[in-house]
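Welcome, and take a moment to look over the sequence and the fold shown here. We will start from the outside and work our way in.

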Amino acid sequence: MNKPTIRVCLAALLGLPMAASAQNYAELDQANSTLGFTYTQMGVSLDGKFRRFDASLTYDPAAPASATTRVVVPLAPIDTGSAEGDAEVQGKDWFATDTHPTASFTSTSVEAKGPGQLLVTGTLSIKGNDRTVSVPVIVTEANGTATFDGTLKINRTDFGVGAGIWGDPEVVAHEVSISFHLVAAPAAQ
């Protein structure tokens, strides 16, 4: 058996992507990447999204622990599903975008949990409050790109988001799910 055939057999047995050692993904495809959230208001589940965000990442499937991620989200162009909600969350009871215009996530460690599965830990910063969070991420390689999908559940009150009447979990639930779909191409050579 020749070396390429042995590598193909090992990759298949271990569930590794075929080009694992040949790619280093670092070029974010902004047009096909999304960052959204789900929240519950007065018992109704609602979806929103961040219209803009900047993300830098590095990922080598052959060395997942060396991966890095930094995401910066301007909070003013948020889409809560209604113009009234978009305006409301700019105020001091919510994001206070005049003094805290962005939220961010910076990874501090990445752990491989299985083929195409990572646990990414880092610092989530919202409204001047920093918390260490961990999020499971599914990585899929296809057609020359890698996609990174995950959902992070947070308690918004840990970040001082939603005060006054909005602090009541019967009005707006404290748990918010943040979902992302990041598409990256190999780093330019």
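Let us begin at the surface: the accessible surface of the protein adds up to about 10400 Å², and carbon and sulfur atoms hold 56% of that area. Such areas are calculated by the Shrake-Rupley method with a 1.4 Å probe, and for residues only the protein chains shown count as cover. Of the 189 residues, 39% count as buried; buried means under 20% relative accessible area, exposed over 50%, and partly exposed in between (1.4 Å probe, protein chains only).

This is a predicted model, in which local features need pLDDT of at least 70 and side-chain atom pairs count only at pLDDT 80 or more, while totals for chains, interfaces and linings use all residues. Residues are numbered from 1 along each chain as its sequence is written, and side-chain values use heavy atoms, with hydrogens and water left out.

How far can you trust what you see? The predictor's confidence in each residue is called pLDDT and runs from 0 to 100. Its mean over the protein is 88, with 87% of the residues at 70 or more. Among the elements, strand β8 (residues 117-126) has the highest mean, 98, and helix α1 (residues 3-14) the lowest, 35. Over residues 1-22 the pLDDT is below 50, and beyond near neighbours in sequence this stretch has 13 contacts in the model, a contact being heavy atoms within 4.5 Å. Where pLDDT is low, the predicted coordinates should not be read in detail.

Now follow the chain. The protein has 2 helices and 11 strands, which are DSSP runs numbered from the N terminus (helices: H or I, at least four residues; strands: E, at least two). From the N terminus on, their order is α-β-β-β-β-β-β-α-β-β-β-β-β. Of the contacts with a separation of 6 or more, 57% are between residues 24 or more positions apart.

Step inside next. The largest nonpolar core has 43 residues; such a core is a set of buried Ala, Val, Leu, Ile, Met, Phe, Trp, Tyr and Cys residues joined through side-chain atoms within 4.5 Å. Strand β11 gives the most to this core, with 5 residues. F148 is among the residues with the most contacts inside the core. Leaving aside neighbours within four places in sequence, F148 touches residues including L57, V137, F180 and L182.

F148 also brings us to the aromatic rings. Rings of Phe, Tyr and Trp (its six-membered ring) pair if their centres lie within 6.5 Å; planes under 30 degrees apart count as stacked, over 60 as edge-to-face and the rest as tilted. The protein has 4 aromatic pairs by this rule. In one of them, Y59 and F148 meet edge-to-face, 5.3 Å centre to centre and with 85 degrees between the planes. Y59 lies in the loop between β4 (54-58) and β5 (68-74) and F148 in strand β10 (residues 145-155), so the pair ties together parts 89 residues apart in sequence. Both Y59 and F148 are buried.

The ring centres of W94 and W166 are 5.8 Å apart with planes at 50 degrees, so this pair is tilted. W94 sits in the loop between α2 (83-88) and β7 (102-114), and W166, 72 residues away, in the loop between β10 and β11 (175-186). W94 and W166 are both buried. Elsewhere, ring pairs link F37, Y39 and F50 into a cluster.
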